[in-house]
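Welcome to a short tour of one protein model. Have the structure open beside you, and follow along at your own pace.

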Amino acid sequence: MRYGYIGSMKVKPGHRAEVVAVLVAGADGLRKAGCELYVVTESATDEDTVWVSEVWESKEHHEASLQLPEAKAAIGKVMPFLTGEFTRQETHVVGGLGI
């Protein structure tokens, strides 16, 4: 069964665009790692929140992707701009448009 991950992160005021740019720039290599859907969105009601929605072949593919050099580099770039407030939800993906 496909693995879904939906998470939010709070960014320090004035740094959302920088975080979004780094997250979006890293999307190209994810397909090779088993990612089927990767969407980065900005909250429409909170200028300091970023949401990421992902669908993976499996949870193991997702976990392995976090060890990729480019993923580690992206995480290192955005960490200074984050407040440490995160939410996360793991899901079992059953279908839908774009999947």
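Two strands count as paired if DSSP finds at least two bridges between them. With that in hand, Tyr3 can be placed: this residue stands opposite Trp56 in strand S3. Please keep in mind that the model is predicted. The protein has 3 helices and 4 strands, and from the N terminus on its elements run β-α-β-β-α-α-β.

**Overall build**

- The radius of gyration of the protein is 13 Å, close to the 13 Å that the globule rule gives for 99 residues, so the protein is as compact as a globular protein of that length.
- Along the principal axes, the C-alpha trace spans about 40 × 30 × 20 Å.
- Of the 99 residues, 32% count as buried.
- Take the contacts between residues at least 6 apart in sequence: 72% of them join residues at least 24 apart.

**The sheet and the helix across it**

- In which order do the strands of the sheet stand? The 4 strands form an open sheet in the order S2-S3-S1-S4, with antiparallel pairing.
- Strands S2 and S4 (82–93) are at the edges and have a single partner strand each, so one side of each is left without a neighbour in the sheet.
- On average, neighbouring strands are turned by 15 degrees against each other, direction ignored.
- Between S1 and S3 the antiparallel pairing extends over 8 bridges.
- As a general reminder, strands of a sheet pair through backbone hydrogen bonds, either parallel or antiparallel.
- Helix H1 lies across S1, S2, S3 and S4, and runs at about 170 degrees to S2.

**Nonpolar cores**

- In soluble globular proteins, nonpolar side chains tend to be buried together.
- Here the largest nonpolar core has 10 residues: Met9, Val11, Val19, Val20, Leu23, Val40, Val50, Val52, Val78 and Leu82.
- Which elements give two or more residues to this core? They are strand S1 (2–11), helix H1 (16–25) and strand S3 (49–56).
- The largest share, 3 residues, comes from H1.
- Val20 is a core member that touches Val40, Glu42 and Val50, leaving out residues up to four places away in sequence.
- Apart from the largest core lies another one, of 6 residues, and among them are Leu30, Ala33, Cys35 and Trp56.

**Around His62**

- His62 is found in helix H2, which covers residues 59–65.
- Is His62 buried or exposed? At 9% relative accessibility His62 counts as buried, because the cut-off for buried is under 20%.
- Setting aside neighbours within four places in sequence, His62 is in contact with Tyr3, Tyr5, Glu54 and Trp56.
- Two of these contacts have appeared above: Tyr3 stands opposite Trp56 in S3, and Trp56 belongs to the core of 6 residues.

**Salt bridges**

- Side chains of opposite charge can pair when their charged atoms come close.
- How many salt bridges does a search of the whole structure find? The search finds 5.
- Arg2 and Glu36 meet through their side chains in a salt bridge, at 2.5 Å from N to O. Arg2 lies in strand S1 and Glu36 in strand S2 (residues 35–42), so this pair ties together parts that are 34 residues apart in sequence.
- Both partners are partly exposed: Arg2 has a relative accessible area of 31%, and Glu36 is at 29% relative accessibility.
- Lys10 and Asp46 form a salt bridge too, at 2.3 Å from N to O. Why does this pair tie together parts that are 36 residues apart in sequence? Lys10 lies in strand S1, while Asp46 is in the loop between S2 and S3.
- Lys10 is partly exposed at 26% relative accessibility, and Asp46 is partly exposed with a relative accessible area of 22%.
- The side chains of Arg88 and Glu90 meet in a salt bridge at 3.5 Å, N to O. Arg88 is exposed, with a relative accessible area of 53%, whereas Glu90 is partly exposed at 33%.
- Salt bridges with shared partners join Lys59, Arg88 and Glu90 into one network.

Terms used
Residues numbered from 1 in each chain as written. Predicted model: local features only at pLDDT ≥ 70, side-chain atom pairs only at ≥ 80, totals over all residues. Heavy atoms only, no water. Core = buried A, V, L, I, M, F, W, Y, C linked by side-chain atoms within 4.5 Å. Buried < 20%, exposed > 50% of the residue type's maximum accessible area, 1.4 Å probe, protein only. Contact = heavy atoms within 4.5 Å. Salt bridge = Lys/Arg side-chain N within 4 Å of Asp/Glu carboxyl O. Axes fitted to C-alpha atoms, helices over the stretch in contact; angles between N-to-C directions. Rg over C-alpha atoms; globule rule 2.2 N^0.38 Å.
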